[in-house]
Amino acid sequence: MDIIPISLPTPFYIGPVNVYLIAEDPITLIDTGPKTREANEALREGLRKARLRVFDIRRIVLTHAHEDHCGLAHSLRDQATGAQVLVHDWETGHRAARLEYEESRSLLMRAGLPETEIESMRRMYEGVRRYADSFEDHEYNSLRDGAELEFTSGTLQVIHTPGHTPGSCSFLREADRTIIAGDCVLKRITPNPILSPDPIDKSRRFRSLAEYLVSLARLRTFAPTLVHGGHGEPVNDYEELFNRYLRAIRQRQSEVIALLPKTGATAWDVARAMFPGTDDVHRFLAVSEAVAHLDLAQSEGKIKVELSSGKEIYRS
(Lines give C-alpha, C1' and ligand atoms only; values in the text may rest on other atoms or scores of the structure.)
Protein backbone atom coordinates (compact mmCIF):
# COMPACT_ATOMS: atom_id res chain seq x y z
CA MET A 1 0.00 0.00 0.00
CA ASP A 2 1.49 3.31 -1.10
CA ILE A 3 1.03 5.81 1.79
CA ILE A 4 2.39 9.21 0.74
CA PRO A 5 2.78 11.91 3.45
CA ILE A 6 2.17 15.48 2.26
CA SER A 7 3.16 18.37 4.53
CA LEU A 8 0.90 21.44 4.33
CA PRO A 9 1.41 24.89 5.91
CA THR A 10 -1.06 26.13 8.52
CA PRO A 11 -1.65 29.55 10.09
CA PHE A 12 -1.60 27.96 13.56
CA TYR A 13 1.10 27.82 16.21
CA ILE A 14 1.43 24.03 15.76
CA GLY A 15 3.03 24.56 12.35
CA PRO A 16 2.66 22.33 9.28
CA VAL A 17 0.11 19.50 9.24
CA ASN A 18 0.65 16.08 7.69
CA VAL A 19 -2.01 14.65 5.41
CA TYR A 20 -1.75 11.21 3.84
CA LEU A 21 -2.47 10.15 0.28
CA ILE A 22 -3.27 6.49 -0.36
CA ALA A 23 -2.32 6.36 -4.01
CA GLU A 24 -4.30 3.33 -5.15
CA ASP A 25 -7.92 2.62 -5.94
CA PRO A 26 -9.97 4.12 -4.53
CA ILE A 27 -7.68 7.15 -4.25
CA THR A 28 -8.02 8.31 -0.64
CA LEU A 29 -6.87 11.40 1.23
CA ILE A 30 -6.61 11.16 5.02
CA ASP A 31 -7.05 14.70 6.39
CA THR A 32 -6.94 17.78 4.17
CA GLY A 33 -5.22 20.73 5.83
CA PRO A 34 -6.81 24.12 6.57
CA LYS A 35 -8.83 26.18 4.12
CA THR A 36 -6.05 28.51 3.00
CA ARG A 37 -4.61 29.28 -0.42
CA GLU A 38 -1.16 28.13 0.73
CA ALA A 39 -2.39 24.74 1.96
CA ASN A 40 -4.50 24.23 -1.16
CA GLU A 41 -1.52 24.91 -3.43
CA ALA A 42 0.79 22.65 -1.41
CA LEU A 43 -1.76 19.84 -1.53
CA ARG A 44 -2.18 20.14 -5.28
CA GLU A 45 1.61 20.05 -5.69
CA GLY A 46 1.75 16.88 -3.57
CA LEU A 47 -0.94 15.30 -5.72
CA ARG A 48 0.87 16.37 -8.88
CA LYS A 49 4.09 14.66 -7.72
CA ALA A 50 2.04 11.49 -7.32
CA ARG A 51 0.65 12.06 -10.85
CA LEU A 52 -2.82 12.68 -9.51
CA ARG A 53 -5.33 15.53 -9.43
CA VAL A 54 -8.02 16.57 -6.99
CA PHE A 55 -10.55 15.11 -9.44
CA ASP A 56 -9.01 11.65 -8.87
CA ILE A 57 -9.81 11.60 -5.12
CA ARG A 58 -12.60 9.16 -4.31
CA ARG A 59 -12.51 9.25 -0.49
CA ILE A 60 -11.72 11.97 2.06
CA VAL A 61 -11.19 10.48 5.52
CA LEU A 62 -10.81 12.70 8.61
CA THR A 63 -8.85 11.63 11.69
CA HIS A 64 -10.69 14.40 13.55
CA ALA A 65 -12.44 17.67 12.79
CA HIS A 66 -10.04 20.42 13.85
CA GLU A 67 -9.54 23.14 11.28
CA ASP A 68 -5.94 22.24 10.44
CA HIS A 69 -7.09 18.69 9.59
CA CYS A 70 -10.51 19.15 7.99
CA GLY A 71 -10.56 22.68 6.56
CA LEU A 72 -10.33 21.83 2.86
CA ALA A 73 -12.63 18.79 3.03
CA HIS A 74 -15.75 20.52 1.74
CA SER A 75 -14.13 22.23 -1.25
CA LEU A 76 -12.16 19.09 -2.19
CA ARG A 77 -15.34 17.03 -2.09
CA ASP A 78 -17.07 19.53 -4.37
CA GLN A 79 -14.17 19.45 -6.86
CA ALA A 80 -13.75 15.66 -6.77
CA THR A 81 -17.34 14.97 -7.75
CA GLY A 82 -18.60 11.80 -6.14
CA ALA A 83 -15.94 11.63 -3.44
CA GLN A 84 -17.10 10.33 -0.05
CA VAL A 85 -16.27 12.16 3.18
CA LEU A 86 -15.91 9.94 6.24
CA VAL A 87 -15.65 11.07 9.87
CA HIS A 88 -16.62 9.59 13.22
CA ASP A 89 -20.09 10.47 14.54
CA TRP A 90 -18.60 11.80 17.80
CA GLU A 91 -16.85 14.65 16.01
CA THR A 92 -18.55 18.05 15.84
CA GLY A 93 -15.95 20.51 14.54
CA HIS A 94 -16.91 19.92 10.91
CA ARG A 95 -20.54 20.79 11.69
CA ALA A 96 -20.24 24.07 13.59
CA ALA A 97 -17.82 26.25 15.54
CA ARG A 98 -15.42 24.50 17.91
CA LEU A 99 -17.06 26.10 20.92
CA GLU A 100 -20.66 25.28 20.14
CA TYR A 101 -22.01 27.98 22.37
CA GLU A 102 -24.97 26.37 24.12
CA GLU A 103 -23.17 23.09 24.76
CA SER A 104 -19.84 24.52 25.85
CA ARG A 105 -20.91 27.57 27.85
CA SER A 106 -22.01 25.54 30.88
CA LEU A 107 -18.80 23.47 30.79
CA LEU A 108 -16.66 26.61 30.81
CA MET A 109 -18.73 28.21 33.56
CA ARG A 110 -18.36 25.08 35.71
CA ALA A 111 -14.60 25.28 35.10
CA GLY A 112 -14.67 28.74 36.69
CA LEU A 113 -14.29 31.00 33.66
CA PRO A 114 -15.88 34.45 33.94
CA GLU A 115 -18.52 35.26 31.34
CA THR A 116 -16.34 37.89 29.70
CA GLU A 117 -13.64 35.26 29.12
CA ILE A 118 -16.14 32.78 27.67
CA GLU A 119 -17.45 35.38 25.26
CA SER A 120 -13.89 36.31 24.25
CA MET A 121 -13.09 32.66 23.51
CA ARG A 122 -16.28 32.24 21.50
CA ARG A 123 -15.45 35.26 19.33
CA MET A 124 -11.90 34.02 18.87
CA TYR A 125 -13.06 30.61 17.64
CA GLU A 126 -15.56 32.20 15.28
CA GLY A 127 -12.48 33.69 13.63
CA VAL A 128 -10.72 30.32 13.53
CA ARG A 129 -13.70 28.83 11.70
CA ARG A 130 -12.82 30.75 8.55
CA TYR A 131 -10.22 28.02 8.00
CA ALA A 132 -12.91 25.34 7.53
CA ASP A 133 -16.35 24.91 5.99
CA SER A 134 -19.10 23.13 7.87
CA PHE A 135 -20.79 19.93 6.70
CA GLU A 136 -24.43 19.11 7.05
CA ASP A 137 -25.14 15.69 8.53
CA HIS A 138 -26.21 14.25 5.18
CA GLU A 139 -22.94 15.30 3.52
CA TYR A 140 -20.65 12.77 5.22
CA ASN A 141 -20.51 9.08 6.07
CA SER A 142 -19.69 7.62 9.47
CA LEU A 143 -16.45 5.93 10.44
CA ARG A 144 -17.08 2.89 12.64
CA ASP A 145 -14.58 1.32 15.01
CA GLY A 146 -13.30 -1.94 13.54
CA ALA A 147 -14.56 -1.20 10.03
CA GLU A 148 -12.18 -1.58 7.12
CA LEU A 149 -11.34 0.83 4.32
CA GLU A 150 -10.71 -1.39 1.32
CA PHE A 151 -8.03 -0.76 -1.32
CA THR A 152 -6.67 -2.74 -4.26
CA SER A 153 -3.75 -4.14 -2.24
CA GLY A 154 -5.32 -4.44 1.20
CA THR A 155 -7.23 -2.61 3.90
CA LEU A 156 -6.90 0.01 6.61
CA GLN A 157 -8.73 -0.83 9.82
CA VAL A 158 -10.54 2.01 11.58
CA ILE A 159 -9.50 2.31 15.23
CA HIS A 160 -11.52 4.73 17.34
CA THR A 161 -8.91 6.49 19.51
CA PRO A 162 -10.78 9.14 21.54
CA GLY A 163 -8.88 11.58 23.72
CA HIS A 164 -7.61 14.54 21.74
CA THR A 165 -11.23 14.79 20.57
CA PRO A 166 -14.13 12.41 21.25
CA GLY A 167 -14.24 11.14 17.66
CA SER A 168 -10.52 10.92 16.87
CA CYS A 169 -9.70 7.89 14.73
CA SER A 170 -6.52 6.09 13.70
CA PHE A 171 -6.02 3.69 10.80
CA LEU A 172 -4.07 0.42 10.92
CA ARG A 173 -2.48 -1.45 8.05
CA GLU A 174 -2.23 -4.82 9.76
CA ALA A 175 0.08 -6.37 7.15
CA ASP A 176 3.07 -4.29 8.30
CA ARG A 177 1.61 -2.76 11.51
CA THR A 178 1.69 0.78 10.15
CA ILE A 179 -0.69 3.27 11.79
CA ILE A 180 -1.91 6.68 10.65
CA ALA A 181 -2.81 8.30 13.96
CA GLY A 182 -3.68 11.96 13.36
CA ASP A 183 -3.10 13.93 16.56
CA CYS A 184 -3.35 10.88 18.82
CA VAL A 185 0.41 10.29 18.44
CA LEU A 186 2.90 13.10 17.88
CA LYS A 187 6.64 12.54 18.12
CA ARG A 188 7.80 15.74 19.83
CA ILE A 189 4.80 16.97 21.83
CA THR A 190 2.07 15.44 23.96
CA PRO A 191 -1.32 16.07 22.29
CA ASN A 192 -3.65 18.42 24.13
CA PRO A 193 -6.87 16.82 25.45
CA ILE A 194 -9.50 19.30 24.29
CA LEU A 195 -12.40 20.31 26.55
CA SER A 196 -15.52 18.86 24.89
CA PRO A 197 -19.09 17.93 25.75
CA ASP A 198 -19.63 14.20 26.14
CA PRO A 199 -21.02 12.87 22.84
CA ILE A 200 -23.55 10.64 24.64
CA ASP A 201 -24.74 13.16 27.25
CA LYS A 202 -23.93 16.72 26.19
CA SER A 203 -24.70 18.08 29.66
CA ARG A 204 -21.61 16.24 30.90
CA ARG A 205 -17.94 16.73 30.15
CA PHE A 206 -16.02 14.23 28.02
CA ARG A 207 -13.31 12.59 30.18
CA SER A 208 -10.63 13.26 27.61
CA LEU A 209 -7.42 12.28 29.40
CA ALA A 210 -8.71 8.98 30.80
CA GLU A 211 -9.99 8.07 27.33
CA TYR A 212 -6.69 9.15 25.79
CA LEU A 213 -4.69 6.82 28.04
CA VAL A 214 -6.95 3.94 26.98
CA SER A 215 -6.43 4.85 23.31
CA LEU A 216 -2.64 4.90 23.71
CA ALA A 217 -2.74 1.50 25.39
CA ARG A 218 -4.99 0.13 22.65
CA LEU A 219 -2.59 1.25 19.91
CA ARG A 220 0.20 -0.42 21.87
CA THR A 221 -1.54 -3.80 21.56
CA PHE A 222 -0.97 -3.69 17.78
CA ALA A 223 2.84 -3.43 18.32
CA PRO A 224 3.13 -0.74 15.62
CA THR A 225 6.34 -0.61 13.62
CA LEU A 226 5.64 2.85 12.17
CA VAL A 227 3.18 5.54 13.26
CA HIS A 228 2.40 8.52 11.04
CA GLY A 229 1.23 11.49 13.13
CA GLY A 230 -0.66 14.63 12.27
CA HIS A 231 2.40 16.84 12.81
CA GLY A 232 6.14 16.29 12.69
CA GLU A 233 8.15 13.18 11.90
CA PRO A 234 6.88 9.58 11.99
CA VAL A 235 7.39 7.47 15.11
CA ASN A 236 9.58 4.37 14.71
CA ASP A 237 9.67 3.36 18.39
CA TYR A 238 6.15 3.49 19.76
CA GLU A 239 7.07 1.72 22.99
CA GLU A 240 9.56 4.45 23.92
CA LEU A 241 7.08 7.19 23.05
CA PHE A 242 4.28 5.43 24.96
CA ASN A 243 6.34 5.37 28.14
CA ARG A 244 7.50 8.96 27.61
CA TYR A 245 3.87 10.05 27.28
CA LEU A 246 2.96 8.26 30.53
CA ARG A 247 5.82 9.94 32.40
CA ALA A 248 4.87 13.37 31.04
CA ILE A 249 1.20 12.92 31.96
CA ARG A 250 2.01 11.76 35.49
CA GLN A 251 4.46 14.60 36.00
CA ARG A 252 1.92 17.16 34.84
CA GLN A 253 -0.72 15.62 37.07
CA SER A 254 1.58 16.01 40.09
CA GLU A 255 2.16 19.66 39.17
CA VAL A 256 -1.59 20.25 38.90
CA ILE A 257 -2.31 18.67 42.29
CA ALA A 258 0.47 20.73 43.88
CA LEU A 259 -1.20 23.91 42.65
CA LEU A 260 -4.39 23.25 44.61
CA PRO A 261 -4.58 25.37 47.80
CA LYS A 262 -6.28 24.05 50.93
CA THR A 263 -9.20 26.35 50.22
CA GLY A 264 -9.64 24.76 46.80
CA ALA A 265 -9.47 26.11 43.25
CA THR A 266 -11.32 25.96 39.94
CA ALA A 267 -9.81 24.58 36.76
CA TRP A 268 -9.54 28.17 35.52
CA ASP A 269 -7.48 29.07 38.61
CA VAL A 270 -5.19 26.11 37.96
CA ALA A 271 -4.85 26.96 34.26
CA ARG A 272 -3.80 30.53 35.01
CA ALA A 273 -1.28 29.31 37.58
CA MET A 274 0.15 26.71 35.19
CA PHE A 275 0.32 28.97 32.17
CA PRO A 276 0.54 32.61 33.30
CA GLY A 277 0.37 35.20 30.57
CA THR A 278 -1.22 32.98 27.93
CA ASP A 279 -3.36 34.71 25.35
CA ASP A 280 -5.75 34.01 22.51
CA VAL A 281 -6.29 30.31 21.67
CA HIS A 282 -3.81 29.23 24.32
CA ARG A 283 -6.19 30.20 27.15
CA PHE A 284 -8.70 27.64 25.94
CA LEU A 285 -5.97 25.01 25.52
CA ALA A 286 -4.70 25.82 29.03
CA VAL A 287 -8.08 25.33 30.69
CA SER A 288 -8.62 22.17 28.59
CA GLU A 289 -5.40 20.70 29.96
CA ALA A 290 -6.18 21.73 33.54
CA VAL A 291 -9.66 20.18 33.40
CA ALA A 292 -8.32 16.96 31.85
CA HIS A 293 -5.71 16.44 34.56
CA LEU A 294 -8.10 17.38 37.36
CA ASP A 295 -10.70 14.94 36.02
CA LEU A 296 -8.12 12.16 35.90
CA ALA A 297 -6.81 12.89 39.40
CA GLN A 298 -10.36 13.00 40.77
CA SER A 299 -11.26 9.68 39.11
CA GLU A 300 -8.18 8.11 40.71
CA GLY A 301 -9.17 9.38 44.17
CA LYS A 302 -6.25 11.80 44.49
CA ILE A 303 -8.37 14.93 44.81
CA LYS A 304 -11.98 15.81 45.60
CA VAL A 305 -14.41 18.04 43.74
CA GLU A 306 -17.58 19.79 44.83
CA LEU A 307 -19.99 22.13 43.10
CA SER A 308 -20.27 25.60 44.60
CA SER A 309 -22.32 28.38 43.00
CA GLY A 310 -22.23 26.52 39.69
CA LYS A 311 -18.45 26.10 39.72
CA GLU A 312 -16.40 22.95 40.35
CA ILE A 313 -14.00 23.45 43.25
CA TYR A 314 -11.11 20.97 43.52
CA ARG A 315 -9.27 20.17 46.74
CA SER A 316 -6.34 17.89 47.40
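Is T32 buried or exposed? Figure 1 picks that up after a quick look at the whole chain, which is a predicted model.

**Overview. The whole chain, with nine helices and 13 strands.** Along its principal axes, the C-alpha trace covers about 65 × 40 × 35 Å. A compact globule of 316 residues would have a radius of gyration near 20 Å, and the chain agrees, since it has 20 Å. Buried residues account for 53% of the 316. Take the contacts between residues at least 6 apart in sequence: 68% of them join residues at least 24 apart. The accessible surface comes to about 13800 Å², with 49% of it belonging to carbon and sulfur atoms. As for charge, there are 40 positive and 46 negative side chains, and the centres of the two sets lie 3 Å apart.

**Figure 1. T32, in the loop between β3 and α1.** T32 counts as buried because its relative accessibility is 0%, and the cut-off for buried is under 20%. Leaving out neighbours within four places in sequence, T32 is in contact with L8, V19, L43, I60 and L62. The list carries on with H69, C70, G71, L72, A73 and L76. One of these partners, G71, sits 39 residues away from T32 along the chain, yet the two C-alpha atoms are separated by 6.5 Å.

**Figure 2. A cis peptide bond between D25 and P26.** Omega for this bond is about -15°. P26 belongs to the loop that runs between β2 (17–22) and β3 (28–30).

**Figure 3. The largest nonpolar core, with 29 residues.** L113, V270, F284, V287 and L294 are the members that touch the most others in the core. Three elements give two or more residues each: α5 (115–128), α8 (267–274) and α9 (281–299). Which of them gives the most? That would be α9, with nine residues. Zoom in on L113 and, setting aside neighbours within four places in sequence, you find it in contact with L108, I118, M121, W268 and V287. Another core lies apart from this one; it has 27 residues, among them V19, A39, L76 and Y140.

**Figure 4. E119, a residue of helix α5.** E119 has a relative accessibility of 22%, so it counts as partly exposed. For a sense of scale, follow E119 across to V287: the two are 168 residues apart along the chain, and their C-alpha atoms are separated by 15 Å.

**Figure 5. S215, inside helix α6 (residues 208–220).** What does S215 touch, once residues up to four places away in sequence are set aside? The partners are T161, P162 and C184. S215 counts as buried, because its relative accessibility is 3%.

**Figure 6. F222, in the loop between α6 and β11 (226–229).** Here the view moves just past the helix of the previous figure. Not counting neighbours within four places in sequence, F222 is in contact with I159, L172 and R177. Compare its position with that of L8, one of the T32 partners in Figure 1. F222 and L8 are 214 residues apart in sequence, and C-alpha to C-alpha they are 29 Å apart in space.

**Figure 7. R51, a non-glycine residue with a positive phi.** Phi here is about 60°. R51 sits in the loop between α1 (37–49) and β4 (59–61). Is the residue buried or exposed? R51 counts as exposed, because its relative accessibility is 78%.

**Figure 8. S309, another residue other than glycine with a positive phi.** The phi value is near 55°. Where does S309 lie? Look in the loop between β12 (304–308) and β13 (311–315). S309 has a relative accessible area of 77%, so it is exposed.

Definitions and conventions:
Residues numbered from 1 in each chain as written. Predicted model: local features only at pLDDT ≥ 70, side-chain atom pairs only at ≥ 80, totals over all residues. Heavy atoms only, no water. Helix = DSSP H or I, 4+ residues; strand = E, 2+ residues; numbered from the N terminus. Rg over C-alpha atoms; globule rule 2.2 N^0.38 Å. Buried < 20%, exposed > 50% of the residue type's maximum accessible area, 1.4 Å probe, protein only. Contact = heavy atoms within 4.5 Å. Areas by Shrake-Rupley, 256 points an atom, 1.4 Å probe, with all protein chains shown as cover. Lys, Arg positive; Asp, Glu negative; His and termini not counted. Charge placed at Lys NZ, Arg CZ, Asp CG, Glu CD. Core = buried A, V, L, I, M, F, W, Y, C linked by side-chain atoms within 4.5 Å.
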